[in-house]
Amino acid sequence: MNEALRWLLNLPEQRSSIARSIDYLHYSVILATFAGVFVVALTTIIFVVKYRRRDGDRLTPHITAPRWLEATVIIGLLTLFVAWWVVGFSQYREIETAPADAMPVYVTAKQWMWKFAYPSGPTSTDVLTVPVGRPVKLIMSSRDVIHSFFVPAFRVKQDVVPGRATTLWFTATAPGTYDLECSQYCGTRHSFMRGQVVALSPADFARWLDAAEPDHFGGKGGGHGLAARGMEVAARHGCFRCHTIDGGPSIGPTWLGAFGRRRLLSGGGSVLVDEDYITESMMDPLAKIAAGFQPVMPTYQGAIQPADTAAIVELIRSLHDVPPTRDQLPPTKPAVMP
């Protein structure tokens, strides 16, 4: 039944862990719509034939629907709507929540290409290589305008917005090559912004990763390529004047052990230190101020490239499990820059 409906609706193959469940919701909506249209059309034909005016002097009889029929229609439609909402919301939560063991890949969109960077160092353009059976989390940003990452066979789509990080995850279920498209009009060559997702078996992916060319920061193997680039980028932009990587106090929060934890905010509340928060803190540092620190960080909006932002994010991520060497409590008063 699944394959028959997919063929009738001209849908692409289902090659991710969530593709089939999304299609099932699609099927139910389409079939319910067709059933509703059929019932309305059939009722119309019956009324036209049965209640037509048979001569010029005879009036069409007045018809009043019974209350039980009205109640059945209203309750039935409301129940159908609520059921679709529940299923859709559960799917939305699943799509928005990446597994903890998902492999991160940093994506930079620009007119008119996709660039991919892996934490271990390799980079590629317009070809995303992923392992089959392992969740992959994409951390995406744009260098110019809004783009949209869309893989039809995976049933995943996410806008990529300048100045912020958006995330998307999927698990490929079969080896193969799948189309990657930009589904947001982004300029005169929008239709040429195409790429491929190449899904390999775990063994083939490991061989590909080992043979892939390192980036110009020498990051190949060991899982520290992009983090090593992050060290250079952070030093170039002066990040270490306010942040430490060994747990020591400074003007801003230490990066050591910060990723994946909740941070108290000035004025109350807390926030999870993840890709979105780190990117937002660089682009709009006054949006969420860490408790115990002063709002002195300047904005890096337009001053740092998305690829460099991704490198800093990966550097902070790499410090997640590093044992602290100093007291990690923030100072009661901000340190004074020399």
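Asn-2 sits in helix H1, which spans residues 2–8, and in this predicted model Asn-2 is buried, because its relative accessible area is 10%, under the 20% that marks the limit for that class. Once the neighbours within four places in sequence are set aside, the residues in contact with Asn-2 are Gln-14, Arg-20, Tyr-24 and Tyr-27. Following the chain onward, one reaches Asn-10 in the loop between H1 and H2, and here the exposure is of another class, since Asn-10 has a relative accessible area of 68% and is therefore exposed. The backbone of Asn-10 also deserves attention, for its phi is positive, at about 60 degrees, although the residue is not a glycine.

From that loop the path leads to the packing of helices. Two packed helices are described by the angle between their axes and the distance between the axes. For helix H2, residues 19–50, and helix H3, residues 67–96, the axes come within 11 Å and cross at roughly 160 degrees; this angle makes H2 roughly antiparallel to H3, because angles over 145 degrees are placed in that class. The handedness of the H2 and H3 crossing is left-handed. On the H2 side the meeting residues are Ser-21, Ile-22, Leu-25, Ser-28, Val-29 and Ala-32, and on the H3 side they are Leu-80, Trp-84, Val-87, Gly-88, Gln-91 and Ile-95. Sorted by class, this contact of H2 with H3 consists of eight nonpolar and four polar residues, with no charged residues.

A second helix pair can be read in the same terms. Helix H6, covering residues 275–283, and helix H7, covering residues 306–318, have axes that come within 10 Å and cross at roughly 125 degrees, which means that H6 is oblique to H7. The crossing in which H6 passes H7 is right-handed. H6 contributes Glu-275, Ile-278, Thr-279, Met-282 and Met-283 to the contact, while H7 contributes Thr-309, Ile-312, Val-313, Ile-316 and Arg-317. By class, the contact of H6 with H7 holds six nonpolar, two polar and two charged residues.

Helix H6 also contains Asp-276, which counts as partly exposed because its relative accessibility is 32%. Leaving out the neighbours within four places in sequence, Asp-276 is in contact with Ala-165, Thr-166 and Thr-167. As a further reference distance, the C-alpha atoms of Asp-276 and Gly-238 are separated by 21 Å, with these positions 38 residues apart along the chain.

Two of the residues touched by Asp-276, Thr-166 and Thr-167, also appear in the surroundings of Leu-138, which is in contact with Val-105, Val-107, Leu-128, Phe-149, Thr-166, Thr-167, Leu-168 and Phe-170 when neighbours within four places in sequence are left aside. Leu-138 in turn belongs to the largest nonpolar core, a set of 34 residues, where it is listed together with Trp-114, Phe-116, Leu-128, Phe-149 and Phe-154 as having the most contacts inside the core. Apart from this core lies another, of 28 residues, which includes Ala-165, Leu-226, Ala-311 and Leu-319.

The strands and their loops hold further backbone details. Most residues other than glycine have a negative phi, and most peptide bonds are trans. Against that background, Gln-111 and Trp-112 are joined by a cis peptide bond, with omega about -5 degrees, and Trp-112 lies in the loop between strand S1 (103–110) and strand S2 (113–117). Arg-155, which is not a glycine, has a positive phi of about 60 degrees, and its place is in the loop between strand S6 (147–151) and strand S7 (156–160). Arg-155 counts as buried because its relative accessibility is 14%.

The path ends at Gly-176, in strand S9, which runs over residues 176–182. With a relative accessible area of 24%, Gly-176 is partly exposed. Not counting residues up to four places away in sequence, Gly-176 touches Val-197, Val-198 and Ala-199. Gly-176 also leads back toward the start of the chain, since its C-alpha atom and that of Arg-15 are separated by 9.0 Å, although the two residues are 161 residues apart along the chain.

Note on methods. Residues numbered from 1 in each chain as written. Predicted model: local features only at pLDDT ≥ 70, side-chain atom pairs only at ≥ 80, totals over all residues. Heavy atoms only, no water. Core = buried A, V, L, I, M, F, W, Y, C linked by side-chain atoms within 4.5 Å. Buried < 20%, exposed > 50% of the residue type's maximum accessible area, 1.4 Å probe, protein only. Contact = heavy atoms within 4.5 Å. Axes fitted to C-alpha atoms, helices over the stretch in contact; angles between N-to-C directions. Helix = DSSP H or I, 4+ residues; strand = E, 2+ residues; numbered from the N terminus. Parallel < 35°, antiparallel > 145°, perpendicular 65-115°, else oblique. Left-handed = near helix turned anticlockwise from the far one by under 90°. Nonpolar A, V, L, I, M, F, W, Y, C, P; charged D, E, K, R; others polar.
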